Amino acid sequence: MNVSLILIILLVGAFATFLAGDKLASKVAFFFGLAAAGCSIVLLNHYNLGENISFINQWITQPNISFALKADGLSMAMLLLTTVLTPIIIFSSFGNDYKNSKSFYALILFMSFAMAGTFLASDGLLYYIFWELSLIPIYFIALIWGNGDAEERKKAVVKFFIYTLAGSLFMLVAFVYMYQKAGSFLLEDLYKLNLTATEQLWIFLAFFLAYAIKIPLIPFHTWQANVYQKAPTVGTMLLSGIMLKMGLYSVIRWQLPLAPLAAKEYMYIFIGLGIAGVIYGSIVALKQKDLKKLLAYSSLAHVGLIAAGTYTLTLDGLRGAVLQMIAHGFVVVGLFYVAEIIFRRYETRAIAEMGGIRSQTPKFTSMFLILVLASVALPSTFNFVGEFTVLYSLSQINIWFAILGGTTIILGAYYMLKMFQHAMLGETNTKIFADVTFNEGATLVIIIAVLFFFGMYPKPIIDLITPSLQEILTQINRIN
Amino acid sequence: MDTNLALVLLFAPFLGFLINVFFGKTLGKSLSEIIGTLSVAVSFAVTIYFFLQINQTKQAINIDLFDWIQISNFKVSFGFLLDQLSILWLLFVTGIGSLIHLYSISYMHDDEKMHTFFAYLNLFVFFMITLVIGSNLLVMFIGWEGVGLCSYLLIGFWYKNQEYNDAAKKAFIMNRIGDLGLLIGIFILGHLFSTLDYATLKTAIAGATDLNMYWLSAAAFALFIGACGKSAQIPLYTWLPDAMAGPTPVSALIHAATMVTAGIFMITRLNFLFDLTPDVQSIIAVVGAVTALVAATIGLVQNDIKKVLAYSTVSQLGLMFLALGLGAYEVAVFHVITHAFFKACLFLGSGSVIHALHGEQDMRKMGGLKKAMPITFITMLIASLAISGVPLFSGFFSKDEILLVAFHHNIPLWVVASVASIMTAFYMFRLMFLTFFQEFRGTEEQKHHLHESPSLITFPLIVLAILATIGGLISLPGHSWLNEYLTPILPKLASAEHHLGTTEYMLMAIAVVGGLVGIGLAYAKYIKQNTVPTEDSEITGFSKVLYNKYYVDEIYDAIFVKPINVLSLFFRDTIETALSSLVFGLGKVTNEISFQGKKIQNGSIGLYLLVFVLGLCAIVSYLFLAQ
Amino acid sequence: MNNILNQIGIENYIFLSVILFCIGVFGVLYRRNAIIVFMSIEIMLNAVNLLFVAFSTYHQDAQGQVFVFFSMAVAAAEVAVGLAILVSIFRNLGSITIDNLKNLKG
Amino acid sequence: MNTLIAIIGLGVLCLLFEIFNLRKAIVPITIIGLLGVLGLTISEFNSAESYYNNMIVVSKFSTTFSSLFIVLTIFLVALGHNFYENHQSKISDFIAIKVFLLAGAVAMVSFGNLAMFFLGIEVLSISLYILAASDRMNLKSNEAGMKYFLMGSFASGIILFGICLIYGAMGSFDVSEISALSQSAELPIWFPIGIVLLTIGMLFKVAAVPFHFWAPDVYEGSPALTTALMSTLAKVVAMATLYKLLSVMNADISESYKMVVVVISMASMTVGNIMALRQTNVKRMLAFSGVSHAGFMLMTLLSFSTSAGSLLYYASAYSLSGIAAFSVILYVCKNRNNEDITNFHGLGKTNPLLAAILTAALLSMAGIPIFAGFFAKLVLFNQTIQAGYLALVIVAVVNSIISVGYYFKLILAMYTKEPNEERKGTPVVIYAVAVVAIVLNLVLGLFPSLVLDLLA
């Protein structure tokens with residue numbers, strides 16, 4: 001089966017959605033999303049049978065750029081994350097009524113297309129193109145369908161766009177620089193380069209800027225909270241669930257193997273930065289008044305830990321990071337969906353205006369609580385597997401990293417439970433909170449099921465990603 | 001067969017939980033009560049089967065289900081270990097658990113969310129079983145955090161009251177501080193020995209030739225911090241008194257008998273590790289002793305009946321840690337068991353009192369209940385005698401052994417522990433006297449409705465009182481069944497001497513006299529003088545400090561909670577704004593340059609041409625004159 | 001012709017036309033009347049034309065002379081267009097001072 | 001050569017149509033004619049030849065660029081159909097001037113002799129002066145024409161002086177001879193000075209800093225269609241000519257000369273982008289954007305041997321997106337007396353198609369994949385890094401970031417503001433031009449090799 005089929009489905013889906021008209025758009029988009037998910041599962045099957053899932057076609061001769069897609073275990077995992085989350089996200093929006101929904105859903109599928117492409121591309125430039133391409137739909141989604149004051153939103157979204165673009169353009173320069181040496185943008189050719197330590201450092205930094213902004217790591221995170229808050233929930237889900245994983249994935253796939261010397265030399269600084277993000281994000285989250293903003297900062301804290309894990313350059317660090325990426329993708333989508341469910345009923349995201357919901361809807365409360373607990377990595381949820389592995393890898397580098405990074409389990413519990421307490425508990429709210437609809441419930445149940453299943457039995461994913469991570473590690477360690 | 005039975009043991013409560021969660025409302029109250037209780041009873045039955053089996057075979061049962069987490073240098077499997085220690089623990093977890101479920105049927109009958117309550121209790125038992133039977137540290141950790149979660153859920157069971165929710169949150173977070181310690185300990189052990197499995201760990205440590213004592217101690221210490229969190233030791237004990245916000249059966253089950261003993265379980269489980277790190281052991285001993293004393297002093301002046309019991313629990317746990325720190329694991333275990341009996345009994349008894357008084361918990365408004373509630377009175381009296389160390393009751397044996405061990409190792413610790421014991425006797429009987437003797441001090445209406453609790457409540461009380469009386473039999477001085485039973489776990493018991501000398505009898509006498517002195521003092525003050533504790537506002541002097549728990553909560557608040565919140569505000573308002581305006585600032589500066597630049601472009605052809613010519617001159621002069 | 005060039009030297013022709021050219025440039029820069037600016041530009045062009053002729057002689061090559069015709073023709077066309085524009089400005093504005101042309105700026 | 005003759009014939013034909021009163025047919029006939037010329041030009045692609053003593057040299061370079069110019073002219077002529085609706089009596093003049101302008105442009109890229117070059121540039125310039133001032137009753141248009149004329153002829157003077165000095169040094173106007181001579185003997189100092197003056201004159205035409213001041217004023221004042229022409233056709237013609245001039249005459253330019261190019265390139269990008277940020281007039285904004293694109297295109301001068309293809313690609317990408325953008329601007333600002341950004345408010349709601357096209361055009365100019373503008377920048381960066389000017393590329397990257405600021409200002413105006421009035425009518429030609437231009441741009445983006453490999 002051809003790997004590009006998935007991309008084609010998503011792209012065709014985007015057009016079909018646009019042509020389907022406003023009434024049918026969401027259904028068509030959902031259908032294509034499901035089709036892509038189905039295809040990726042079939043693809044996974046092929047991959048597990050040992051097939052080589054790749055597709056190479058010369059695209060541009062001068063400069064030498066190929067349309068090269070390759071799915072190893074890591075890419076497969078990320079592809080699955082993307083294609084599985086996309087229909088879930090689309091499904092979750094069924095309760096909302098968007099103006100001009102044909103464009104809206106078309107953009108979602110297009111974004112999914114670009115993100116899937118980013119995870120699959122094995123040619124540096126193709127990867128870069130997908131990377132940039134994914135920025136445009138989310139820009140419009142946040143801009144046009146977002147909420148809050150239009151001027152404020154504009155400011156936040158434009159800042160986001162320019163900021164992320166700024167970072168990635170330096171990555172482009174780094175790619176071009178390496179192209180000069182390698183004569184090709186193909187990942188395998190770039191791997192063969194023998195760059196000096198100084199060159200590696202600059203390349204590493206150029207990549208770092210792109211990824212640090214995208215992930216985001218402190219102090220490059222200032223776009224995040226505002227955009228998460230202003231974007232429509234679907235956009236926030238796409239951003240936090242999948243898009244920021246693009247940054248983390250890229251660290252593993254591109255940054256570390258291409259500039260291993262710099263990664264090793266300055267390992268402590270980058271791990272430190274990630275951990276600083278954990279603590280900073282957790283502390284800032286404590287005093288957030290807006291539910292979506294709080295989740296944004298919690299996301300900042302979690303990805304800080306994931307990033308710290310990747311920069312350990314150990315198998316555990318990378319593996320834990322990938323596991324945690326997937327887990328976080330699901331849990332954060334769930335949490336933002338919860339915020340949306342509350343918003344649908346109370347028209348507010350201010351935590352202070354909520355409260356007293358539990359007595360009205362125990363079902364919803366339980367699901368919310370489970371997501372909260374998953375987000376604070378309660379053992380038996382998927383997040384624990386990831387977080388444990390990452391923290392373990394950090395402890396291998398230096399026990400203090402694990403201790404400082406581990407504060408996330410304390411502070412995370414603090415802000416999440418505080419939020420939960422004020423949002424859900426207390427005297428029954430005077431405003432009526434209608435029980436969750438079937439759509440809402442189903443979406444949350446699916447997410448929760450995934451979290452618990454892989455929390456208890458992460459082996460399939462571990463087996464999927466480990467060989468490719470080992471390969472990447474070999475690349476990282478090729479020069480000593 | 002064993003595997004399946006073990007799964008039944010584990011999943012019976014979980015099934016109960018699921019049923020109660022999903023169908024609790026449709027099933028109706030009585031069905032949901034029955035299912036909840038039955039599920040735990042099934043576990044208890046299976047436990048007894050395993051207990052009998054292991055008593056015969058002496059063989060631990062090891063069950064590996066599947067690979068769970070994979071780390072580069074080791075795998076963690078999802079497996080169970082049923083050996084003497086875990087089965088012992090299971091016995092009283094499921095046993096007392098069943099009793100408390102039974103008790104709850106009546107106690108919680110009027111609550112509209114009965115099924116939820118039972119669901120949570122079942123879930124708790126499930127996690128507690130996981131904690132106990134996990135074959136490695138990580139599976140134990142699932143249970144460890146799981147019981148913390150259930151504790152959170154149950155403390156905040158009446159979630160409409162935000163103070164209760166605060167207490168629940170506090171419990172969870174303080175537990176998590178300990179959990180971080182536990183995780184760090186796990187990391188170090190994993191790093192050192194490439195395994196988290198108890199059995200392999202034991203062999204690895206035994207077989208290791210050059211142990212890195214520094215890291216070993218660090219691991220032990222980190223694990224101890226975990227135990228501190230769960231078992232409410234200094235400095236992480238403050239959540240336990242607050243946890244009394246939960247329904248009384250919860251206090252009895254989770255916060256007295258089972259969950260809080262998890263720390264002791266873990267340390268006993270890893271005794272082979274702690275034995276190698278004497279420094280950490282001494283820390284444990286000192287922390288235990290100090291906790292015992294501090295909690296006891298606070299307990300002296302508390303007026304809330306459950307708070308007294310809570311501090312008493314902290315104090316008793318301190319004694320157990322003292323024993324652990326002195327290497328006398330079997331003594332600690334012994335005290336855990338007896339404590340489970342009498343403290344559960346006390347809590348349930350207090351629950352019965354509270355039930356009768358419609359929620360009143362302040363002892364100043366009780367009194368004279370012994371006539372109205374004879375069974376409650378008698379059972380609680382027995383339990384109080386047990387905890388005070390009156391001979392022949394179970395507490396006498398276990399506490400005495402702790403004091404004995406302390407005396408042998410370190411006299412100051414013995415003194416501290418003894419003083420704590422005397423205080424225990426005093427405040428327990430203060431509680432008894434204030435609650436059951438003299439005249440009733442509550443309202444007329446309450447007096448009218450005074451009645452003995454229904455049999456579902458009194459039955460567990462009676463059972464527990466009996467156990468509290470005879471529990472000491474399992475480890476009589478000189479001939480200890482418990483020690484024999486635990487020998488596979490604690491190998492050095494095999495070589496231990498069992499003889500009672502004069503010193504031992506002396507100490508026993510001192511302890512008994514101490515206990516009686518405590519009781520006597522309480523009698524003198526509250527019966528003879530008929531004192532009733534003063535109103536909160538009138539408490540002065542040192543007792544005010546004690547009444548306010550040494551202001552520890554306030555200090556923690558000032559040192560940790562407030563600074564973090566201030567920091568959060570600072571980050572949110574200052575740093576975030578600064579970082580954000582830094583980025584916006586770049587844009588603004590560029591924009592400003594643009595604005596200024598517009599002035600240069602002033603529309604005058606003269607200027608344009610002038611710049612043209614100047615540019616030309618500059619280029620020509622650079623190219624030709626500069627060279 | 002050649003003799004004169006030998007006696008005077010090609011450099012002097014260059015200097016002369018550079019000076020003329022600069023006079024033209026300064027005229028363009030300094031004067032504000034559009035007509036005079038036109039004339040200054042013409043001086044610049046004619047300075048170049050002079051130099052073309054001089055080089056043409058210097059190289060003994062007719063191309064330079066031919067080029068002068070081109071440039072004169074072009075200059076004439078340019079001026080024609082320029083004057084036309086000037087006329088319409090004068091109609092609209094009533095003045096031909098280039099300082100008045102400052103509406104487009106910023 | 002045939003191209004040039006055909007174009008001039010077409011121009012004359014346009015004028016004749018007026019005489020025979022066939023105004024309605026002018027635009028279609030011209031377009032058909034130009035299409036024919038385009039075919040003719042393409043057919044000459046592989047036949048390198050020179051005519052009239054090397055006056056005109058047909059090469060791959062000239063045919064490809066000529067084809068691009070012809071395509072652009074077709075678009076511009078098509079747009080004229082709508083734009084000159086109210087000036088029916090002059091339509092033949094305007095169209096004819098554009099066709100003659102094209103003749104000048106073709107001459108500029110296919111010259112073999114500096115005389116031809118000079119004639120070409122003057123034909124182009126004089127046509128532009130007329131077009132800039134063509135709105136006679138509008139003072140802004142007058143002023144634009146005047147400014148352009150004055151500064152343009154000043155620059156012509158400089159160019160002429162440069163040609164003169166080169167002639168003085170070499171004794172010939174033939175570029176191949178000049179090139180041969182410049183490699184061999186000891187050169188008089190006039191020669192490099194001549195080259196520099198010539199370059200500066202051309203830098204004026206491409207509107208590079210510090211010779212760019214005319215551009216915003218003239219763009220703003222001129223009629224919108226003329227602005228479109230200047231910012232697309234005129235700009236790429238000037239750039240191609242500058243490239244050709246320097247590459248044919250002076251194969252290895254010195255390091256210090258390259259330094260000047262680097263500095264001017266950096267200055268152009270930076271000044272252009274920063275100045276564009278605060279503009280409210282869209283034409284003016286695009287003028288400054290054009291200044292910065294000139295800076296980008298100047299980067300090609302740093303690696304002559306390989307960069308012809310990338311210049312062609314960049315020019316095509318830039319001018320196609322420019323055409324698309326200007327067709328939308330023509331639609332939006334028709335019957336308005338200004339091109340203020342407020343006119344674009346709410347276009348995303350009132351006319352989503354054109355809004356999307358303008359967005360795409362702006363994204364292409366900003367260099368966002370998958371539009372051609374991205375690959376244009378990519379190949380440019382690639383070559384410049386190869387030539388060893390990493391710092392220049394970094395400046396270019398920073399500038400790309402700044403440029404997003406103002407391109408997105410327009411996009412934001414279209415999508416986030418409420419429309420201020422209804423727009424009526426769907427001028428088919430404008431739609432067609434916009435769609436075709438943006439589709440071509442996209443095709444170039446998807447298959448860059450189509451153009452990149454032409455001159456490899």
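UniProt positions are given here in the numbering of this structure, and such annotations may be inferred rather than shown by experiment. The structure itself is a predicted model.

In chain B, residues 68–118 carry an annotation from an unreviewed UniProt entry, "domain: NADH-Ubiquinone oxidoreductase (complex I) chain 5 N-terminal". Within this stretch of chain B, helix accounts for 57% of the chain and strand for 25%. A distance of 29 Å separates the C-alpha atoms at the two ends of residues 68–118.

Chain B also meets chain A: 38 residues of chain B are in contact with 43 residues of chain A. On the chain A side, several helices each supply at least two residues, namely α7 (150–182), α13 (267–286), α15 (315–346), α17 (382–397), α18 (399–424) and α20 (459–476). The greatest contribution to this side comes from α18(A), with 11 residues. By residue class, the side of chain A that touches chain B consists of 26 nonpolar, 10 polar and seven charged residues.

In chain C, a single loop residue may be followed in detail. Asn33(C) lies in the loop that joins α2 (10–30) to α3 (34–59) of chain C. Is this residue buried, exposed or partly exposed? Asn33(C) has 13 other C-beta atoms within 10 Å; because a residue counts as exposed at 12 or fewer and as buried at 20 or more, Asn33(C) is classed as partly exposed. Setting aside neighbours within four places in sequence, Asn33(C) is in contact with Ile96(C) and Thr97(C). The C-alpha atom of Asn33(C) is also 11 Å from that of Leu101(C), a residue 68 positions away along the chain.

Key. Residues are numbered from 1 along each chain as its sequence is written. Chains are lettered from A and ligands numbered from 1 in the order in which they are written. This is a predicted model: local features need pLDDT of at least 70, side-chain atom pairs count only at pLDDT 80 or more; totals for chains, interfaces and linings use all residues. Helices (H or I, at least four residues) and strands (E, at least two) are DSSP runs, numbered from the N terminus. Two residues are in contact if their C-beta atoms, placed from the backbone, lie within 7 Å. Ala, Val, Leu, Ile, Met, Phe, Trp, Tyr, Cys and Pro count as nonpolar, Asp, Glu, Lys and Arg as charged, and the others, Gly among them, as polar.
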